[in-house]
Amino acid sequence: MSRIGKKPIELPKGVTVTINGKDVGVKGPKGQLNRKIHNQVDIALEGNHVNVSVKDSLHRNFQGLTRTLVNNMVLGVSQGFSKRLKLVGVGYRAASAGKKVNLSLGFSHPIEYEPPTGVEIKVDQQTILVVSGADKELVGQVAAKVRGFRPPEPYHGKGVRYEDEKIITKVGKAAGKK
């Protein structure tokens with residue numbers, strides 16, 4: 001049985017959950033999120049807690065998944081999620097232009113990126129981006145897309161990387177010969 005799925009989700013102050021059949025809506029100070037859950041999973045609101053259960057033992061793998069997804073929704077609308085990206089390289093920089101972000105990543109042209117609604121990209125310094133929002137999946141997807149414009153290369157480590165990411169650099173061919 002799923003140990004995570006059995007845990008009730010505690011709702012912080014200011015967060016409300018609405019359950020309409022298989023649609024779950026979570027509303028809080030950071031926004032509102034909606035999700036459709038699996039047919040074999042039941043979700044119940046009991047006071048200040050949300051409980052997730054399955055109809056039969058064949059589908060118990062969906063219990064932990066559904067509980068985690070709903071918990072991420074609750075955390076997102078109450079606290080929010082963020083990922084930090086670092087631009088490493090000579091001349092690599094970012095500048096915000098309204099909602100859009102202009103990235104200079106060593107190409108012949110700047111890259112202009114506008115995040116989807118619900119996600120905000122702030123430029124901390126010229127080389128640090130903070131992607132934040134209420135939806136954890138969307139924040140991770142936008143951060144991965146920005147990283148994909150210029151992933152870190154293995155010889156010098158130049159490119160866009162997550163701030164806590166470690167890049168293992170390769171030895172060049174001149175250093176390998178003797």
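How many Å should the 14 residues of H3 span, and how far apart are its end C-alpha atoms? Hold that thought, everyone, while I set the scene. This is a predicted model, in which local features need pLDDT of at least 70 and side-chain atom pairs count only at pLDDT 80 or more, while totals for chains, interfaces and linings use all residues. Residues are numbered from 1 along each chain as its sequence is written, and side-chain values use heavy atoms, with hydrogens and water left out.

Now to helix H3, residues 136-149. Helices here are DSSP runs of H or I with at least four residues, strands are runs of E with at least two, and both are numbered from the N terminus. At 1.5 Å a residue, H3 should span 20 Å, and its end C-alpha atoms lie 21 Å apart, which agrees. The expected span is 1.5 Å times one less than the number of residues.

Which residues of H3 are buried? They are Val139, Val142, Ala143 and Val146, where buried means under 20% relative accessible area, exposed means over 50%, and partly exposed is in between, with a 1.4 Å probe and protein chains only. These residues cover an arc of only 100 degrees around the axis, so they sit on the same side of H3; the arc is taken from the directions from the helix axis to the C-beta atoms. Their cover includes strands S7 (81-88), S9, S10, S11 (119-125), S12 (128-133) and S13 (159-162).

Two of those names lead us to a sheet. It is open, with 3 strands in the order S8-S9-S10 and antiparallel pairing; two strands pair if DSSP finds at least two bridges between them. S8 (93-97) and S10 (111-113) are the edge strands, each with a single partner, so one side of each has no neighbour in the sheet. Neighbouring strands are turned by 25 degrees against each other on average, direction ignored. S9 (residues 100-104) and S10 share 3 bridges, and valine 101 has tyrosine 113 in S10 as its bridge partner. H3 lies across S9 and S10, running at about 170 degrees to S10. For such angles, axes are lines fitted to C-alpha atoms, for helices over the stretch in contact, and values run from 0 to 180 degrees between N-to-C directions.

Over to the other sheet I want to show you. It is open too, with 3 strands in the order S2-S3-S4, paired antiparallel. S2 (16-20) and S4 (31-36) stand at the edges with a single partner strand each, so one side of each is left without a neighbour in the sheet. The twist averages 15 degrees from one strand to the next. S2 and S3 (residues 23-28) pair over 5 bridges, and isoleucine 19 stands opposite valine 24 in S3. Helix H2 (residues 61-78) packs on this sheet, touching S3 and S4, and its direction makes about 170 degrees with that of S4. Contact means heavy atoms within 4.5 Å.

A few residues to finish. Glutamine 63 lies in H2 and is buried at 4% relative accessibility. Its side chain reaches the backbone oxygen of glycine 5 at 3.4 Å. Asparagine 72, also in H2, is buried with a relative accessible area of 18% and touches Phe81 and Lys136, leaving out residues up to four places away in sequence.

And where does threonine 16 lie? In strand S2, partly exposed at 43%. Threonine 16 and alanine 143 are 127 residues apart in sequence and 28 Å apart in space, C-alpha to C-alpha. Thanks, everyone!

Conventions
A polar contact is a pair of N or O atoms within 3.5 Å; within protein, one must be able to donate a hydrogen and the other to accept it, and residues adjacent in sequence count only if both atoms are side-chain atoms.
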